[in-house]
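Visitor: I should like a close look at one part of this model, beginning with its aromatic rings. Please then lead me from there to the other places that deserve attention.

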Amino acid sequence: MLRLENKTAIITGAGSGIGRGIAEEYAGEGANVVLSDINEEGAQETRAIIEEAGGTARCYGKIDVTDYDAMRKVRDQAVKEFGALDVMVNNAGIVVYDNILESRLDDWRKVIEVNLEAVYMGSKLAAEVMVEQNSGRIISISSIQSFMTTSQVGAYNAAKAGVVGLTKSMAVELAPYNILVNAIAPGAIKTGMSVAKDGTDETETEDFKENYLAKRRIPLGRAGVPRDIAGTALFLASDDCRYMTGQLLIVDGGYSLTL
Ligand code: NAP
């Protein structure tokens, strides 16, 4: 028995990394997955991978998650095609590295817009349909950086902490409609986002291998991969998750436990 048989899910940022991992996992469990990404080529690639494996996926073009009208069209098209919207995964995200003194207001606003405001918009669009259905799941990808930090990521941290606050508030507001709202805090996951501007993958540096892996700053001794997050996103979307809402699930190999 597939765990998401006949369910329909929209996944933002599904053209690479964690979003693609979640899309593949959901489709493998029988869901119709609607892939939205500003990187249309990536989203089409994800669609091809899923279809090749026998799954059902759609991509309705290049979709900027901060464009409310475009996102509404995606939602409406998904509902028209599949008859319902069961799961909304707010996953798209960006990071801009800057400290408070040198950072620019434009960059701050962009990071907040993509990582927080778009979560509000995607959730609102999904909730409108889910309230009518009297069922649904809203899952947002936050980060362990919502509660621990390094320098140069102020806007990102603020946005990811905001996602946790919004998740709790929506969980309370939408509970009467049988809509469960939860968030996931990934740790260091090997994706496009772990590659810095100069092309260095932070999960491949000597420092990472020495301190995070060999010396077990990450107790499980490896960087995460998208499928590690996808498994948790599957649980949150499935009937196995019935009595949990407003929670932040930390999926970081134990990273946030260590000093
Ligand atoms: P990723 O591989 O860069 O995937 C993010 C996807 O979102 C990309 O395809 C990106 O397109 C897309 N995107 C960016 N801006 C968008 C917009 N305005 N509208 C629609 N799509 C947009 O990174 P990832 O690691 O999988 O990140 C997924 C989520 O996990 C993010 O919310 C991130 O903050 C969170 N996260 C990641 C880690 C980690 O270690 N990787 C840890 C904690 C949390 P482009 O490639 O064209 O930019």
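Guide: Phe208 and Tyr212 lie 4 residues apart in helix α6 (residues 206-214), so about one helical turn separates them. Helices (H or I, at least four residues) and strands (E, at least two) are DSSP runs, numbered from the N terminus. The model is predicted, so local features need a pLDDT of at least 70 and side-chain atom pairs a pLDDT of 80 or more, whereas totals for chains, interfaces and linings use all residues. Residues are numbered from 1 along each chain as its sequence is written, and side-chain values use heavy atoms, with hydrogens and water left out.

The model holds 2 aromatic pairs, a pair being rings of Phe, Tyr or Trp (its six-membered ring) with centres within 6.5 Å; planes under 30 degrees apart count as stacked, over 60 as edge-to-face and the rest as tilted. One of them joins Phe208 and Tyr212, which are stacked at 5.1 Å centre to centre, with 10° between the planes. Phe208 is buried, with a relative accessible area of 6%; buried means under 20% relative accessible area, exposed over 50% and partly exposed in between, with a 1.4 Å probe and protein chains only. Tyr212 also pairs with Tyr255, edge-to-face, at 5.5 Å centre to centre and 80° between the planes. That pair links distant parts of the chain, for Tyr212 belongs to helix α6 while Tyr255 lies in the segment after β7 (248-251), 43 residues apart. Tyr212 and Tyr255 are both buried. Phe208, Tyr212 and Tyr255 thus make up one aromatic cluster.

Beyond this cluster, the chain of α6 leads into a loop that ends at α7 (226-237), and Arg216 is found in that loop. Arg216 has a positive phi, near 60°, although it is a residue other than glycine. Most residues other than glycine have a negative phi. Arg216 is partly exposed, with a relative accessible area of 46%. Asn178 is another residue that is not a glycine and has a positive phi, of about 65°. Asn178 sits in the loop between α5 and β6 (179-186), where it is partly exposed with a relative accessible area of 42%.

The next place to consider is the ligand. Of the 27 residues around it, Ile18, Asp37, Asn91, Tyr156 and Thr191 come nearest; a residue counts as near if one of its heavy atoms lies within 4 Å. Several polar contacts can be described here, each a pair of N or O atoms within 3.5 Å; within protein, one must be able to donate a hydrogen and the other to accept it, and residues adjacent in sequence count only if both atoms are side-chain atoms. A backbone N or O atom of Ile18 is 2.8 Å from an oxygen atom of the ligand. Asp37 places a polar side-chain atom 2.7 Å from a ligand oxygen, and Tyr156 does so at 2.6 Å. The protein covers 87% of the 880 Å² of accessible area that the ligand has on its own, an area computed by the Shrake-Rupley method with a 1.4 Å probe; for residues, only the protein chains shown count as cover. The elements giving two or more residues to the shell are α1 (17-28) and α5 (154-174).

Helix α1 has 12 residues and reaches 17 Å from its first C-alpha to its last, close to the 16 Å expected at 1.5 Å a residue; the expected span is 1.5 Å times one less than the number of residues. This helix is mostly covered, with 9 of its 12 residues buried, including Ile18, Arg20 and Tyr26. After α1 comes Gly30, whose phi is positive, near 95°.

Two further residues complete the tour. Ile38 lies in the loop between β2 (32-36) and α2 (40-52) and is partly exposed, with a relative accessible area of 48%. Val89, in strand β4, is buried with a relative accessible area of 0%. The C-alpha atoms of Val89 and Ser140 are separated by 5.7 Å, although these residues are 51 residues apart along the chain.
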